[in-house]
Amino acid sequence: MGEFRVIEVKRSVFADNDRRAEELRRRLREKKLFLLNLMSSPGAGKTTLLTRTIQRLGGEMKIGVMEADIDSDVDARRISGTGARAIQLHTGGMCHLDADMTAQGLEGLDTGDLDLAILENVGNLVCPAEFDTGASKNAMILSVPEGDDKPLKYPLMFSACDAVVINKTDVLPYFDFDMDRCRENILARNPRARIIPVCAKTGEGVDEWVGWLREQVEMWKR
């Protein structure tokens, strides 16, 4: 057998991205631009919640949205209909965004006059949680039909988020979903997480979500 070298890899494969993410956050702070990274599985209601959010906050601040997807521009068209600035980011098959890709998206969004930029990340509960995008805060949506055990199955996603929105509360009577058990599962992995039950379709609970987001934007600009 031929000889071969053994190389000990001491540095995290995410180290370069982490540095770029910190640099992006520093630039965002200097510009007083708040960037929210919004994550969820497909169909959890990200775009519907974003539409509600823009309707509530659009009169107070200028908002731009980056819609990330493997393909299509369906979500960006929906967001454009709200009057908010929107662009579509195609990831070329990748199931997440990293700091460099986010920075490119912000440049394309033209953020000079924006107060709030929102990244609607690719629908996935695994990959997006592994890559720091450089966002000011991370939030995710868990929909009732997905089940209250998702924090147990995808702990990194729930650990990485500052806020967890539990969406589609209007269908609670039809699913085996225990809200108290879900809260316990989330807080066991992330005691600092803000948990906000909502129904994006009807608007129930959206005031609490919008209030949290407004507060975060204001704090970021101080």
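Trainee: What share of the contacts in the chain with a separation of 6 or more is due to residues 24 or more positions apart?

Mentor: Such residues account for 73% of those contacts, where contact means that heavy atoms lie within 4.5 Å. This is a predicted model, in which local features need pLDDT of at least 70 and side-chain atom pairs count only at pLDDT 80 or more, whereas totals for chains, interfaces and linings use all residues. Residues are numbered from 1 along each chain as its sequence is written, and side-chain values use heavy atoms, with hydrogens and water left out.

Trainee: How do you know that the radius of gyration of the chain agrees with that of a compact globule?

Mentor: With 222 residues, the globule rule (2.2 Å times the number of residues to the power 0.38, for a radius taken over C-alpha atoms) gives a value near 17 Å, and the chain has 18 Å, so the two agree. Along its principal axes, the C-alpha trace spans about 65 × 45 × 35 Å. The C-alpha atoms of Arg-19 and Asp-178, which are 159 residues apart along the chain, are separated by 39 Å.

Trainee: Why is Arg-19 called exposed?

Mentor: Its relative accessible area is 52%, and exposed means over 50%, so the word applies to Arg-19; buried means under 20%, and partly exposed covers what is in between, with a 1.4 Å probe and protein chains only. Arg-19 sits in helix α1.

Trainee: And why does Gln-216 count as buried?

Mentor: Gln-216 has 10% relative accessibility and is therefore counted as buried. This residue belongs to helix α9 and touches Phe-34 and Lys-137, leaving aside residues up to four places away in sequence.

Trainee: What makes Lys-32 partly exposed?

Mentor: Its relative accessibility of 41% falls between the two limits, so Lys-32 counts as partly exposed. Lys-32 lies in the loop between α1 and β1 (34-40), and its phi, near 60 degrees, is a positive value in a residue other than glycine. Lys-168, which has a positive phi of about 70 degrees although it is not a glycine, is partly exposed at 26% and is placed in the loop between β6 (163-167) and α8 (179-189).

Trainee: Why are α1 and α4 called roughly parallel?

Mentor: Helix α1 (residues 15-31) and helix α4 (residues 99-109) pack at an angle of about 30 degrees, with their axes 8 Å apart. Angles under 35 degrees count as roughly parallel (over 145 as roughly antiparallel, 65 to 115 as roughly perpendicular, the rest as oblique), so that name fits α1 and α4. The residues that meet include Arg-20, Leu-24 and Leu-28 in α1 and Asp-100, Ala-103 and Leu-106 in α4.

Trainee: Which residues have the most contacts inside the largest nonpolar core?

Mentor: They are Leu-116, Trp-209 and Leu-213, in a core of 46 residues. A nonpolar core is a set of buried Ala, Val, Leu, Ile, Met, Phe, Trp, Tyr and Cys residues joined through side-chain atoms within 4.5 Å. Helix α9 (residues 206-221) gives the most to this core, with 7 residues. Apart from it lies another core, of 18 residues, among them Ala-129, Leu-142, Val-144 and Met-157.

Trainee: What does Leu-116 touch, not counting residues up to four places away in sequence?

Mentor: Its partners include Leu-33, Phe-34, Leu-57, Met-61, Ile-63, Leu-213 and Val-217.

Technical notes
Helices (H or I, at least four residues) and strands (E, at least two) are DSSP runs, numbered from the N terminus. Axes are lines fitted to C-alpha atoms, for helices over the stretch in contact, and angles run from 0 to 180 degrees between N-to-C directions.
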